[in-house]
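Please read the following report with the model open beside it, and look for each residue as it is named. The text begins at the DNA and then moves on to the protein chains.

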Protein chains: 2
Amino acid sequence: MTVDLERLGRSLKRVQHRDHRALDAALRETGISLVQWDALRAIDRAPGSSAHALAAASFQSDQAFGTLASRLVSAGYIERRPGPGRRIEHHLTTDGHDALDAGRRATDRVWRALFGSLDSEQRMTLQLLLDRLLASEPGDDAG
Amino acid sequence: MTVDLERLGRSLKRVQHRDHRALDAALRETGISLVQWDALRAIDRAPGSSAHALAAASFQSDQAFGTLASRLVSAGYIERRPGPGRRIEHHLTTDGHDALDAGRRATDRVWRALFGSLDSEQRMTLQLLLDRLLASEPGDDAG
DNA sequence: TTTCCTATCTCAACATATTGATATAAGTAC
DNA sequence: GTACTTATATCAATATGTTGAGATAGGAAA
(Lines give C-alpha, C1' and ligand atoms only; values in the text may rest on other atoms or scores of the structure.)
Protein backbone atom coordinates (compact mmCIF):
# COMPACT_ATOMS: atom_id res chain seq x y z
CA MET A 1 0.00 0.00 0.00
CA THR A 2 1.23 3.48 -0.85
CA VAL A 3 1.39 6.18 1.78
CA ASP A 4 -0.01 9.61 0.89
CA LEU A 5 3.03 11.84 1.40
CA GLU A 6 0.95 14.99 1.76
CA ARG A 7 -0.94 13.35 4.59
CA LEU A 8 2.29 12.17 6.14
CA GLY A 9 3.63 15.71 6.03
CA ARG A 10 0.43 17.11 7.49
CA SER A 11 0.58 14.58 10.32
CA LEU A 12 4.15 15.58 11.09
CA LYS A 13 3.09 19.19 11.16
CA ARG A 14 0.17 18.51 13.45
CA VAL A 15 2.28 16.53 15.92
CA GLN A 16 4.92 19.25 16.01
CA HIS A 17 2.22 21.91 16.35
CA ARG A 18 0.66 20.06 19.27
CA ASP A 19 4.02 19.60 20.98
CA HIS A 20 4.74 23.29 20.57
CA ARG A 21 1.42 24.38 22.03
CA ALA A 22 1.58 21.95 24.96
CA LEU A 23 5.13 22.94 25.91
CA ASP A 24 4.42 26.63 25.43
CA ALA A 25 1.36 26.38 27.67
CA ALA A 26 3.33 24.58 30.38
CA LEU A 27 6.09 27.18 30.22
CA ARG A 28 3.67 30.11 30.32
CA GLU A 29 3.22 29.55 34.06
CA THR A 30 6.93 30.17 34.45
CA GLY A 31 6.62 33.39 32.43
CA ILE A 32 8.60 32.41 29.33
CA SER A 33 7.79 31.18 25.85
CA LEU A 34 8.98 27.90 24.35
CA VAL A 35 11.05 29.74 21.78
CA GLN A 36 12.77 31.85 24.42
CA TRP A 37 13.35 28.85 26.65
CA ASP A 38 14.84 26.99 23.71
CA ALA A 39 17.26 29.86 23.21
CA LEU A 40 18.23 29.75 26.88
CA ARG A 41 18.96 26.05 26.49
CA ALA A 42 21.12 26.69 23.44
CA ILE A 43 23.11 29.36 25.27
CA ASP A 44 23.48 27.12 28.29
CA ARG A 45 24.86 24.33 26.12
CA ALA A 46 27.51 26.65 24.68
CA PRO A 47 28.06 29.74 26.84
CA GLY A 48 29.89 32.58 25.13
CA SER A 49 28.66 31.65 21.66
CA SER A 50 28.09 34.31 19.02
CA ALA A 51 24.60 35.15 17.78
CA HIS A 52 25.58 33.65 14.46
CA ALA A 53 26.52 30.32 16.02
CA LEU A 54 23.41 30.26 18.18
CA ALA A 55 21.20 31.05 15.20
CA ALA A 56 22.71 28.12 13.32
CA ALA A 57 22.32 25.85 16.34
CA SER A 58 18.63 26.67 16.52
CA PHE A 59 18.10 26.49 12.74
CA GLN A 60 17.20 30.12 12.35
CA SER A 61 18.36 33.20 10.51
CA ASP A 62 20.77 35.56 12.27
CA GLN A 63 18.05 38.20 12.20
CA ALA A 64 15.48 36.04 13.94
CA PHE A 65 17.92 35.11 16.66
CA GLY A 66 18.98 38.72 17.02
CA THR A 67 15.53 39.99 17.87
CA LEU A 68 14.94 37.00 20.12
CA ALA A 69 18.17 37.70 21.98
CA SER A 70 17.30 41.37 22.42
CA ARG A 71 14.00 40.33 24.04
CA LEU A 72 15.92 37.99 26.34
CA VAL A 73 18.22 40.85 27.30
CA SER A 74 15.22 43.07 28.06
CA ALA A 75 13.78 40.30 30.21
CA GLY A 76 17.06 40.05 32.10
CA TYR A 77 17.70 36.42 31.18
CA ILE A 78 20.91 36.87 29.23
CA GLU A 79 23.87 39.21 28.86
CA ARG A 80 25.70 40.11 25.67
CA ARG A 81 29.36 41.11 25.72
CA PRO A 82 31.52 42.17 22.79
CA GLY A 83 33.85 39.43 21.54
CA PRO A 84 36.51 39.22 18.84
CA GLY A 85 35.61 40.89 15.56
CA ARG A 86 31.94 41.71 15.30
CA ARG A 87 31.06 38.83 17.56
CA ILE A 88 28.87 39.20 20.61
CA GLU A 89 29.19 36.63 23.35
CA HIS A 90 26.04 35.36 25.02
CA HIS A 91 25.75 34.30 28.65
CA LEU A 92 22.87 33.42 30.98
CA THR A 93 22.25 35.67 33.96
CA THR A 94 21.20 34.28 37.33
CA ASP A 95 17.59 34.90 36.33
CA GLY A 96 18.27 33.10 33.08
CA HIS A 97 19.56 30.03 34.91
CA ASP A 98 16.51 30.10 37.16
CA ALA A 99 14.15 30.34 34.17
CA LEU A 100 15.97 27.49 32.48
CA ASP A 101 15.57 25.26 35.54
CA ALA A 102 11.92 26.21 36.03
CA GLY A 103 11.32 25.39 32.38
CA ARG A 104 12.98 22.00 32.74
CA ARG A 105 10.67 21.13 35.61
CA ALA A 106 7.62 22.39 33.69
CA THR A 107 8.38 20.55 30.46
CA ASP A 108 9.44 17.22 31.95
CA ARG A 109 5.87 16.09 32.62
CA VAL A 110 4.69 17.41 29.26
CA TRP A 111 7.14 15.36 27.20
CA ARG A 112 6.03 12.19 28.93
CA ALA A 113 2.37 13.06 28.33
CA LEU A 114 2.94 13.91 24.68
CA PHE A 115 4.65 10.62 23.91
CA GLY A 116 2.70 8.53 26.41
CA SER A 117 0.80 6.71 23.71
CA LEU A 118 3.99 5.16 22.34
CA ASP A 119 5.85 2.39 24.10
CA SER A 120 9.61 2.25 24.36
CA GLU A 121 10.12 0.38 21.14
CA GLN A 122 7.79 2.60 19.17
CA ARG A 123 9.58 5.71 20.40
CA MET A 124 12.86 4.27 19.26
CA THR A 125 11.43 3.37 15.88
CA LEU A 126 10.12 6.91 15.49
CA GLN A 127 13.49 8.36 16.42
CA LEU A 128 15.26 6.13 13.91
CA LEU A 129 12.88 7.07 11.10
CA LEU A 130 13.29 10.77 11.83
CA ASP A 131 17.07 10.38 11.99
CA ARG A 132 16.98 8.74 8.60
CA LEU A 133 14.95 11.60 7.16
CA LEU A 134 17.32 14.17 8.61
CA ALA A 135 20.40 12.32 7.39
CA SER A 136 19.32 12.61 3.76
CA GLU A 137 19.96 15.75 1.79
CA PRO A 138 16.72 17.59 1.02
CA GLY A 139 17.82 17.90 -2.58
CA ASP A 140 18.28 14.16 -3.00
CA ASP A 141 16.63 12.58 -5.96
CA ALA A 142 13.79 10.29 -5.11
CA GLY A 143 11.75 7.67 -6.86
CA MET B 1 17.09 1.50 25.84
CA THR B 2 15.27 4.71 26.71
CA VAL B 3 14.61 7.36 24.10
CA ASP B 4 15.38 10.96 25.02
CA LEU B 5 11.99 12.61 24.51
CA GLU B 6 13.46 16.09 24.17
CA ARG B 7 15.62 14.83 21.35
CA LEU B 8 12.65 13.07 19.78
CA GLY B 9 10.69 16.32 19.90
CA ARG B 10 13.59 18.28 18.46
CA SER B 11 13.89 15.79 15.60
CA LEU B 12 10.19 16.13 14.84
CA LYS B 13 10.58 19.88 14.78
CA ARG B 14 13.58 19.74 12.49
CA VAL B 15 11.86 17.43 10.02
CA GLN B 16 8.76 19.62 9.94
CA HIS B 17 10.93 22.72 9.60
CA ARG B 18 12.80 21.23 6.69
CA ASP B 19 9.59 20.15 4.98
CA HIS B 20 8.20 23.65 5.39
CA ARG B 21 11.27 25.32 3.94
CA ALA B 22 11.54 22.92 1.00
CA LEU B 23 7.87 23.26 0.06
CA ASP B 24 7.90 27.00 0.55
CA ALA B 25 10.96 27.33 -1.68
CA ALA B 26 9.33 25.22 -4.40
CA LEU B 27 6.15 27.29 -4.22
CA ARG B 28 8.01 30.59 -4.32
CA GLU B 29 8.53 30.13 -8.06
CA THR B 30 4.77 30.09 -8.43
CA GLY B 31 4.47 33.29 -6.39
CA ILE B 32 2.72 31.97 -3.31
CA SER B 33 3.77 30.87 0.18
CA LEU B 34 3.18 27.42 1.65
CA VAL B 35 0.83 28.86 4.25
CA GLN B 36 -1.25 30.62 1.62
CA TRP B 37 -1.29 27.59 -0.63
CA ASP B 38 -2.42 25.47 2.32
CA ALA B 39 -5.32 27.87 2.84
CA LEU B 40 -6.27 27.60 -0.83
CA ARG B 41 -6.31 23.82 -0.45
CA ALA B 42 -8.55 24.07 2.60
CA ILE B 43 -10.99 26.35 0.82
CA ASP B 44 -10.98 24.10 -2.22
CA ARG B 45 -11.80 21.10 -0.05
CA ALA B 46 -14.85 22.90 1.41
CA PRO B 47 -15.93 25.85 -0.74
CA GLY B 48 -18.25 28.33 0.97
CA SER B 49 -16.86 27.62 4.44
CA SER B 50 -16.78 30.33 7.08
CA ALA B 51 -13.48 31.78 8.28
CA HIS B 52 -14.19 30.16 11.63
CA ALA B 53 -14.53 26.71 10.06
CA LEU B 54 -11.45 27.18 7.90
CA ALA B 55 -9.44 28.36 10.89
CA ALA B 56 -10.39 25.21 12.76
CA ALA B 57 -9.61 23.05 9.73
CA SER B 58 -6.12 24.49 9.56
CA PHE B 59 -5.57 24.38 13.35
CA GLN B 60 -5.32 28.13 13.73
CA SER B 61 -7.02 30.98 15.55
CA ASP B 62 -9.80 32.87 13.80
CA GLN B 63 -7.59 35.94 13.85
CA ALA B 64 -4.67 34.26 12.13
CA PHE B 65 -6.90 32.91 9.41
CA GLY B 66 -8.59 36.29 9.06
CA THR B 67 -5.39 38.13 8.21
CA LEU B 68 -4.29 35.30 5.94
CA ALA B 69 -7.61 35.43 4.09
CA SER B 70 -7.37 39.19 3.65
CA ARG B 71 -3.95 38.75 2.04
CA LEU B 72 -5.44 36.12 -0.27
CA VAL B 73 -8.21 38.55 -1.21
CA SER B 74 -5.63 41.25 -1.97
CA ALA B 75 -3.74 38.78 -4.13
CA GLY B 76 -6.95 37.97 -6.01
CA TYR B 77 -6.92 34.28 -5.09
CA ILE B 78 -10.17 34.15 -3.14
CA GLU B 79 -13.51 35.94 -2.77
CA ARG B 80 -15.44 36.48 0.45
CA ARG B 81 -19.23 36.85 0.41
CA PRO B 82 -21.54 37.49 3.35
CA GLY B 83 -23.33 34.38 4.60
CA PRO B 84 -25.93 33.69 7.30
CA GLY B 85 -25.33 35.50 10.59
CA ARG B 86 -21.88 36.97 10.82
CA ARG B 87 -20.48 34.28 8.58
CA ILE B 88 -18.39 35.03 5.52
CA GLU B 89 -18.27 32.44 2.76
CA HIS B 90 -14.94 31.74 1.08
CA HIS B 91 -14.49 30.77 -2.57
CA LEU B 92 -11.51 30.41 -4.89
CA THR B 93 -11.30 32.75 -7.86
CA THR B 94 -10.02 31.59 -11.24
CA ASP B 95 -6.57 32.83 -10.26
CA GLY B 96 -6.93 30.92 -7.01
CA HIS B 97 -7.64 27.69 -8.85
CA ASP B 98 -4.66 28.31 -11.10
CA ALA B 99 -2.38 28.96 -8.12
CA LEU B 100 -3.66 25.82 -6.45
CA ASP B 101 -2.87 23.70 -9.50
CA ALA B 102 0.53 25.30 -10.02
CA GLY B 103 1.28 24.58 -6.38
CA ARG B 104 0.28 20.96 -6.75
CA ARG B 105 2.68 20.53 -9.62
CA ALA B 106 5.47 22.31 -7.72
CA THR B 107 5.08 20.34 -4.50
CA ASP B 108 4.67 16.87 -5.98
CA ARG B 109 8.36 16.41 -6.67
CA VAL B 110 9.29 17.90 -3.32
CA TRP B 111 7.26 15.46 -1.28
CA ARG B 112 8.94 12.54 -3.01
CA ALA B 113 12.38 14.06 -2.42
CA LEU B 114 11.67 14.77 1.24
CA PHE B 115 10.60 11.21 1.99
CA GLY B 116 12.87 9.54 -0.52
CA SER B 117 15.10 8.06 2.15
CA LEU B 118 12.25 5.95 3.54
CA ASP B 119 10.92 2.91 1.78
CA SER B 120 7.25 2.10 1.51
CA GLU B 121 7.08 0.11 4.72
CA GLN B 122 8.97 2.74 6.70
CA ARG B 123 6.64 5.47 5.48
CA MET B 124 3.67 3.46 6.61
CA THR B 125 5.25 2.81 10.00
CA LEU B 126 5.91 6.53 10.40
CA GLN B 127 2.32 7.36 9.46
CA LEU B 128 0.99 4.84 11.98
CA LEU B 129 3.16 6.16 14.79
CA LEU B 130 2.08 9.74 14.08
CA ASP B 131 -1.56 8.67 13.92
CA ARG B 132 -1.17 7.07 17.30
CA LEU B 133 0.30 10.23 18.75
CA LEU B 134 -2.50 12.34 17.30
CA ALA B 135 -5.20 9.97 18.51
CA SER B 136 -4.18 10.42 22.14
CA GLU B 137 -5.38 13.39 24.15
CA PRO B 138 -2.50 15.74 24.96
CA GLY B 139 -3.71 15.82 28.58
CA ASP B 140 -3.49 12.06 28.93
CA ASP B 141 -1.58 10.76 31.85
CA ALA B 142 1.61 9.06 30.91
CA GLY B 143 4.11 6.77 32.59
C1' DT C 1 -38.66 42.79 24.97
C1' DT C 2 -34.89 42.70 27.80
C1' DT C 3 -31.43 39.58 29.11
C1' DC C 4 -28.21 36.11 28.19
C1' DC C 5 -25.53 32.93 25.60
C1' DT C 6 -23.10 31.45 21.68
C1' DA C 7 -21.09 31.92 17.13
C1' DT C 8 -18.49 34.66 14.25
C1' DC C 9 -15.60 38.29 12.85
C1' DT C 10 -12.40 42.09 13.82
C1' DC C 11 -8.97 45.33 16.14
C1' DA C 12 -4.81 45.93 18.81
C1' DA C 13 -0.53 44.55 20.66
C1' DC C 14 3.00 41.68 20.35
C1' DA C 15 6.23 37.44 19.37
C1' DT C 16 8.36 34.97 15.94
C1' DA C 17 10.12 34.23 11.40
C1' DT C 18 11.37 35.37 6.58
C1' DT C 19 14.07 37.93 2.71
C1' DG C 20 16.82 41.70 1.23
C1' DA C 21 19.91 45.33 2.10
C1' DT C 22 23.48 47.39 4.76
C1' DA C 23 27.36 48.03 7.94
C1' DT C 24 31.55 46.67 10.09
C1' DA C 25 35.61 43.68 11.51
C1' DA C 26 39.20 40.76 10.05
C1' DG C 27 41.83 38.14 6.71
C1' DT C 28 43.80 37.53 1.88
C1' DA C 29 45.46 39.01 -2.61
C1' DC C 30 47.49 42.27 -5.32
C1' DG D 1 47.49 50.20 1.34
C1' DT D 2 43.63 49.21 -1.79
C1' DA D 3 40.52 45.73 -3.30
C1' DC D 4 38.18 41.48 -2.50
C1' DT D 5 36.20 38.07 0.54
C1' DT D 6 34.24 36.25 4.56
C1' DA D 7 32.07 36.50 9.06
C1' DT D 8 29.02 38.81 11.88
C1' DA D 9 25.49 41.90 13.30
C1' DT D 10 21.71 44.94 12.32
C1' DC D 11 17.80 47.67 9.91
C1' DA D 12 13.56 47.54 7.25
C1' DA D 13 9.60 45.47 5.37
C1' DT D 14 6.62 41.90 5.60
C1' DA D 15 4.27 37.27 6.70
C1' DT D 16 2.56 34.45 10.14
C1' DG D 17 1.04 33.36 14.62
C1' DT D 18 -0.48 34.28 19.53
C1' DT D 19 -3.59 36.36 23.35
C1' DG D 20 -6.92 39.63 24.85
C1' DA D 21 -10.61 42.61 24.04
C1' DG D 22 -14.42 44.01 21.66
C1' DA D 23 -18.45 44.10 18.24
C1' DT D 24 -22.40 42.06 16.06
C1' DA D 25 -25.85 38.42 14.54
C1' DG D 26 -29.06 35.16 16.03
C1' DG D 27 -31.31 32.03 19.21
C1' DA D 28 -32.95 30.90 24.04
C1' DA D 29 -34.77 32.27 28.50
C1' DA D 30 -36.96 35.28 31.74
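In this predicted model, a polar side-chain atom of B:Gln36 lies 3.0 Å from a phosphate oxygen of DNA strand D, which is an example of a polar contact (a pair of N or O atoms within 3.5 Å; within protein, one must be able to donate a hydrogen and the other to accept it, and residues adjacent in sequence count only if both atoms are side-chain atoms). Local features need pLDDT of at least 70 and side-chain atom pairs count only at pLDDT 80 or more, whereas totals for chains, interfaces and linings use all residues, and side-chain values use heavy atoms, with hydrogens and water left out. Residues are numbered from 1 along each chain as its sequence is written, while chains are lettered from A and ligands numbered from 1 in the order in which they are written.

**DNA strand D**

Which residues come nearest to DNA strand D? Of the 22 residues around this strand, they are A:His52, A:Ile88, B:Ser33, B:Gln60 and B:Gln63, where a residue is near a molecule or strand if one of its heavy atoms lies within 4 Å of it. Two of these names return in the polar contacts with phosphate: a polar backbone atom of A:Ile88 is 2.6 Å from a phosphate oxygen of DNA strand D, and an N or O atom in the side chain of B:Ser33 is 2.5 Å from a phosphate oxygen of that strand. Among the atoms of DNA strand D within 4 Å of the protein, 64% belong to sugar or phosphate, and the rest belong to bases.

The surface near DNA strand D draws at least two residues from each of α1 (5-28), α3 (51-57) and α4 (62-74) of chain A, and likewise from each of α2 (34-45) and α4 (62-74) of chain B. These element names follow DSSP runs numbered from the N terminus (helices are H or I runs of at least four residues, strands are E runs of at least two). The element that gives the most to this surface is α4(B), with four residues.

**DNA strand C**

Around DNA strand C there are also 22 residues, of which A:Ser33, A:Gln60, A:Gln63, A:Arg86 and B:His52 come nearest. Of the atoms of this strand within 4 Å of the protein, 65% are sugar or phosphate atoms, and the rest belong to bases. The table lists three polar contacts of DNA strand C.

| Protein atom | Atom of DNA strand C | Distance |
|---|---|---|
| N or O atom in the side chain of A:Ser33 | phosphate oxygen | 2.5 Å |
| polar side-chain atom of A:Gln63 | base oxygen | 2.6 Å |
| polar side-chain atom of B:Arg86 | base oxygen | 3.1 Å |

The elements that give two or more residues to the surface near DNA strand C are α2 (34-45) and α4 of chain A together with α1 (5-28), α3 (51-57) and α4 of chain B. Here α4(A) gives the most, with four residues. By class, this surface divides into five nonpolar, ten polar and seven charged residues; Ala, Val, Leu, Ile, Met, Phe, Trp, Tyr, Cys and Pro count as nonpolar, Asp, Glu, Lys and Arg as charged, and the others, Gly among them, as polar.

**The two protein chains**

How many degrees of rotation superpose chain A on chain B? A rotation of 180 degrees, with 0.0 Å of shift along its axis, does so with an RMSD of 0.0 Å, the copies being superposed by least squares on the C-alpha atoms of residues with pLDDT of at least 70 in both. This is the relation of a two-fold axis. The same surface serves both copies, since 100% of the contact residues of chain A recur in chain B, contact meaning heavy atoms within 4.5 Å.

A search of the whole structure finds 18 salt bridges over all chains, each being a side-chain nitrogen of Lys or Arg within 4 Å of a carboxyl oxygen of Asp or Glu. One of them is formed by the side chains of A:Lys13 and B:Asp38, at 3.7 Å from N to O. A:Lys13 lies in helix α1 of chain A and B:Asp38 lies in helix α2 of chain B, so this pair joins two chains.

**Strands and hairpins**

Chain A has six helices and two strands, which run in the order α-α-α-α-β-β-α-α from the N terminus on. Its strands β1 (residues 78-82) and β2 (residues 88-92) run antiparallel and are joined by five bridges, and two strands pair if DSSP finds at least two bridges between them. A:Glu79 has A:His91 in β2(A) as its bridge partner. Five residues lie between β1(A) and β2(A) in the hairpin that they form, and A:Gly85 in the turn has a positive phi of about 65 degrees.

In chain B, B:Arg80 has B:His90 in β2(B) as its bridge partner, while B:Pro82 stands opposite B:Ile88 in β2(B).
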